[in-house]
Amino acid sequence: MHIQELKELKNREFIDQGQFDALEPIVSRKLVSVFYELRIILYLGIMLFTTGVGILIYKNIGDIGHLVVITILFLLTAACFYFAFSKAEPYSNWKIRTSLPYYDYIVLLACLLFISVLSYLQFQYELFDNGMGTLTLVTSLFFFYAAYRFDHLGVLSLAITALASFWSISVSPQKWYTGEFLDSDSLYRTAIFFGLGLCISALILDKVGIKKHFTFTYLNFGGLVYLIGCLSGLFIDYDHYGVFLVALFAGCAAAAYYAHIRKSFMFVLYAFVFGYIGLTYFLADVVLDDAGIWFFYLMGSCGGFIYMIIRFKSYFKRSA
Amino acid sequence: MIAYDKKMLQNLYLVKEVKQWMKDGYLREEQFRNIALEHPVKFYHPNLIIRILLFIATLIALGGVTGIFGLIFAGPMEESIMILAFFYGIGSCVVMEIVFIRGNHHYKSGVTEALLYHSIGWTVAGFLYMADWQIYPGLIFGFVVLAFCAIRYADLISTTGAVLVFAYLVFQAFYDMGDIMKFLVPFALIAAFTPIYFYVRGLSRKIEMQPWKNVIILVEALSLLLIYAAGNYFVVRNTTESLLDLYLEEGQDIPYAIIFYALTAIVPVVYLYFGIRKKDLVLIRVSLIVIAFSVFTFKYYFSLGHPEVSLTLAGAILITVAMGLFRYLRINRSGFTRENLIKEKWAGANPEAFVISQTLGGNKPLEGEAVEMGGGGQSGGGGSSDRW
C-alpha cells in the first residue's frame, strides 16, 4: 500500500490515530521486518548442517577426529534439548504460541540431531536387533512425541513420513513423479490401508479435541497416500480394477464432503483431480475410442466443470 | 493501458492488505468491514487452489477445442494451418478479454491465465512459422507479445518471459556480431539491465503504478539476478566454453577471468550493503540467493574435496549468523526488527510443515536401503533423504 492511501484511510476516519501511528512506519518502510529472511537462513542452515552431520557420522569411523565430532554432536543435541525444554510452554491440547521467533526451529534441529545420534548408536553398537526397520519406527514414535510435546507441525509431518517409510511407502511428490512412489507392485494395498488408518485416527483425534490444528496435516498425507494407492491399484491390478475405482470415488466423495464442512479448498482440488483421472480412465475403457469423441469429452467435461465453479462462486468463496 | 478497471484494482489490493492487518490484530473486524464496503470490488478473483483447479480444467478444455479445430482444418488446409494458428491465438486472447475480463470481471481467475498462455503460445508459434523460423523476428515478436501481456494483464509469467526473451535478444545480438563482441556479452547484459533496474525501481514509488506493483518487484528481482549472472564466473565460464568453442586446458582460464572473479565476489556484497542501507527487501532477498551462488561458484573451482565438511560448516555458519541476528534484533535497530509485523500469505504453518517433510528426510522407503548410507552424499533439496 502507498502511504497516501493510508493517510486517506485515516482522513476518512476508517482508522483512528493510534492505528495510523502503528501502521505508518510499516507502510512507509521506516520499520522493516526481517523475520522471514532470518528464518529462511536458519532453516537452510539446519538443513545443510544436519545433512553434513549425517554423512560425517559414517565416515572415518574410529579416527580421533571422528570421536571428537561424535562428542560434539552429543553435546549439541543435549544443548538443543535443554533449550527446547527450558523454554517450552506446558503441554496443552490447543495451539501453543511462543514468543521467540526461532524457538520452533531449535526444536526441529534438536529432533534431527537426536535422530543422527540414534542412527549412529544403531550403526556402531546395533542398538536395535533387527536393524533399520525398528530404527525407523522408533524415529517415527520419537517425532510424534516431540510434535505433540512442543506443538510442532513440521516435526509431525516428519513423524508421518517416517511412519510411512516404515511401511515402505514414500511420501514425496518427487518420487511419484518418477514412479517410485511404491517400491513393489503390491504395495498399493498397504498404501490404501495406511492412508485410511491415518485419516481415521486424525478424525478421531479431532473429535476428541487433541491438537485440532494437526488434523489438516494428517488428512493431507493420509488422503494423498490413500488416493494414490487407489489410483495405482486401478492402473496395475487390471483384474480388480472395479474395486479400486469404487474405492477411489469413495475417497473423492469423502474429500469433497470434508472440504464442504471445513471449507478446505485443498481437498476440493484432490477430489476433483483424482476423480477426473479415475473417471477418464473408466470411460476410456468403456466408450471413448475415437479421437473426435475424446476431444469433445475433454472440452465438454472441463468446460462444464469451469461453468459450474463460476456459477456457484459464492459457495467457493473463502469464508475466513 | 491495463485491461482491468484501475480503481477497482486499487480497491482490491487495498482491501487485501487491510484484511491482513485485521488478521494481524491492527484493526477491528468491523473496521475492515467498513473499509471493504466503501471499496467495492466486483472482480471474480478466487483463492489460489480454485485458481489452480480452473487453470488445469481450462487447459484441458482448450486442448479439446484445439483438437477439434485441428481435426476440421488439418485435412483440407495442410499448408496454411500455422497461419490459422496465429489468428486462433489472437482470437482466444480477444475472447478472454471480452467474455471473461469485460463480461464477467475475471481477474487472475485461472481461466484468464490459461487462455492467455494458450493464446501467446499459438500466436508466437504461428508467427514463427510465417517468419520462416528466423531468430530475430521471432525473438522481437515474442518479446513484444510478452511485454504487451505483462503490461495489459499485469501477468507475472508473461513478465518473466518478456525479461528473459529480452536478455536472450541482447545475448544473441552481441554473439552474432562475432570476434571481440562475443566476449563483451556479459558487459552488454550488465549495461542493459542496470538502467532497467533503476528505471523500474523509480516507478515502484509512484502511486499510479500500484496495479503493477508485483510486476515491478519481479522485474527488479530478475534484473538484479541477470546483472549478477552476467558477471558470475561459473556462468561466464560455462557459456564461454560451450558457445564460443573454447577448450580450456589444465591451468588455462577464460579471458579477463580476474574481472569475473571480482564480480562474483563483489556484486552480492554490494546488493546486501545497499539492501540494508535502503531497507530494500527485494535487494536483501536477491543478495541472499546470490551469496549462496557465489559460495557455490568458489567452492566449485577451489574445492577442498570434503563436501560433507563443507556442508556441515556452511550449515553451522548459517545457523550462527541467523541466531546472532535474531539476538541482535531483539530490539529494533536502524529500522529493522525481528518480529513478524505483517504475515506473508504464503507462510502458513501447513505449507512450512510440507516443505520440512520434503526436504529434511524421512521419506525414503525401507527396502533396498541396506547399510550403504552416507555413500551417496547427495547435496541439495530433495537429496537429503538418505541421512539415516
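**Chains A and B: a briefing**

B:Ala131 is buried, at a relative accessible area of 14%. Keep in mind that this is a predicted model. Most of what follows concerns how chain B meets chain A, where about 9200 Å² is buried between the two. We'll start with a couple of notes on that alanine, then turn to the interface and finish on a threonine in helix α14 of chain B.

**B:Ala131**
- You'll find B:Ala131 in the loop that sits between α5 (111–130) and α6 (135–153) of chain B.
- The cut-off for buried is under 20% relative accessible area, so B:Ala131, with its 14%, makes it.
- Take B:Lys299 as a second point: B:Ala131 and B:Lys299 are 168 residues apart along the chain, and 45 Å separates their C-alpha atoms.

**The interface in numbers**
- Chain B puts 102 residues into the contact, and chain A puts in 102 residues too.
- Of the roughly stated total, about 9200 Å², 73% is on carbon and sulfur atoms.
- Salt bridges across the interface of chain B and chain A come to 3.
- One of them joins the side chains of B:Glu38 and A:Arg12, at 3.5 Å from N to O.
- There are also 16 residue pairs in polar contact across this interface, with both residues at pLDDT 80 or more.

**What chain B brings to it**
- The elements of chain B giving two or more residues to the side that touches chain A are α1 (6–23), α2 (29–38), α3 (48–74), α13 (281–301), α14 (307–328), β1 (336–337) and α15 (349–359).
- α3(B) has the largest share of that side, with 15 residues.
- By residue type, the side of chain B that touches chain A splits into 51 nonpolar, 30 polar and 21 charged.

**Strands across the chains**
- Strand β1 of chain A (residues 32–33) runs parallel to β1(B), and 2 bridges join them.
- A:Val32 has B:Phe336, in β1(B), as its bridge partner.

**B:Thr312**
- B:Thr312 is part of helix α14 of chain B, one of the elements that give two or more residues to the side touching chain A.
- Is B:Thr312 buried or exposed? B:Thr312 is buried, because its relative accessible area is 11%, and the cut-off is under 20%.
- Which residues does B:Thr312 contact, leaving aside its neighbours within four places in sequence? They are A:Leu48, A:Phe49, A:Gly52, A:Val53 and A:Leu56.
- Within chain B, a polar atom of the B:Thr312 side chain lies 2.6 Å from the backbone oxygen of B:Glu308.

Key:
Residues are numbered from 1 along each chain as its sequence is written. Chains are lettered from A and ligands numbered from 1 in the order in which they are written. This is a predicted model: local features need pLDDT of at least 70, side-chain atom pairs count only at pLDDT 80 or more; totals for chains, interfaces and linings use all residues. Side-chain values use heavy atoms; hydrogens and water are left out. Contact means heavy atoms within 4.5 Å. Buried area is the accessible area (1.4 Å probe) that two parts lose on being put together, summed over both. A salt bridge is a side-chain nitrogen of Lys or Arg within 4 Å of a carboxyl oxygen of Asp or Glu. A polar contact is a pair of N or O atoms within 3.5 Å; within protein, one must be able to donate a hydrogen and the other to accept it, and residues adjacent in sequence count only if both atoms are side-chain atoms. Helices (H or I, at least four residues) and strands (E, at least two) are DSSP runs, numbered from the N terminus. Ala, Val, Leu, Ile, Met, Phe, Trp, Tyr, Cys and Pro count as nonpolar, Asp, Glu, Lys and Arg as charged, and the others, Gly among them, as polar. Two strands pair if DSSP finds at least two bridges between them. Buried means under 20% relative accessible area, exposed over 50%, partly exposed in between (1.4 Å probe, protein chains only).
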